[in-house]
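The following paragraphs lead the reader through a protein model, beginning with a single residue and widening to the whole chain. Please keep the sequence and the structure in view while reading.

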Amino acid sequence: MNKYTFKIRARSGMVVDNLTVHALDRLEAEKKLAQIYRDCEFLDCREVAAPPVSDGVDFESVLSMINRQDNPK
């Protein structure tokens, strides 16, 4: 899933900024927004980079966190 941030002009003419949608691709994100804001005009679209997914917490990182708590600078 990707995150897309849109700036649109609603049917009434009002500009709506920072609409964020999760979707597989831009086309799907536009379809989702078009269902909510009928007859809207898409002014801008940005794909928001997803943060890197880690495999979880490993033993070494837990030990380093504990060690940092025991030895404050």
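V62 is partly exposed in this predicted model, because its relative accessible area of 31% falls between the 20% limit for buried residues and the 50% limit for exposed ones. This valine belongs to helix 2, which covers residues 59-70. On the surface, V62 joins V57, F59, L63, M65 and I66 in a nonpolar patch. Together these residues have about 580 Å² of accessible area.

The helix that holds V62 is part of a protein with 2 helices and 3 strands. Read from the N terminus, the order of these elements is β-β-α-β-α.

From the surface, the description now turns to the interior. The largest nonpolar core has 11 residues: Y4, F6, I8, V16, L19, V21, A23, A29, L33, C40 and C45. Strand 1 (2-9), strand 2 (15-23) and helix 1 (26-36) are the elements that each supply two or more of them. Strand 2 provides the largest share, with 4 residues.

One member of this core, Y4, shows which parts of the chain meet there. Leaving aside residues up to four places away in sequence, Y4 touches L19, T20, V21, A23, L24, D25, R26, A29, C45, R46 and E47.

Some totals complete the picture. Among contacts with a separation of 6 or more, 43% are between residues 24 or more positions apart. Of the 73 residues in the protein, 18% count as buried. The accessible surface comes to about 6,000 Å², and carbon and sulfur atoms account for 52% of this area.

Conventions:
Residues are numbered from 1 along each chain as its sequence is written. This is a predicted model: local features need pLDDT of at least 70, side-chain atom pairs count only at pLDDT 80 or more; totals for chains, interfaces and linings use all residues. Side-chain values use heavy atoms; hydrogens and water are left out. Buried means under 20% relative accessible area, exposed over 50%, partly exposed in between (1.4 Å probe, protein chains only). Contact means heavy atoms within 4.5 Å. Accessible areas come from the Shrake-Rupley method with a 1.4 Å probe; for residues, only the protein chains shown count as cover. Patches are made of residues with over 30% relative accessible area and no salt bridge: like charges are joined within 9 Å, nonpolar side chains (Val, Leu, Ile, Met, Phe, Trp, Tyr) within 5 Å. A salt bridge is a side-chain nitrogen of Lys or Arg within 4 Å of a carboxyl oxygen of Asp or Glu. A nonpolar core is a set of buried Ala, Val, Leu, Ile, Met, Phe, Trp, Tyr and Cys residues joined through side-chain atoms within 4.5 Å.
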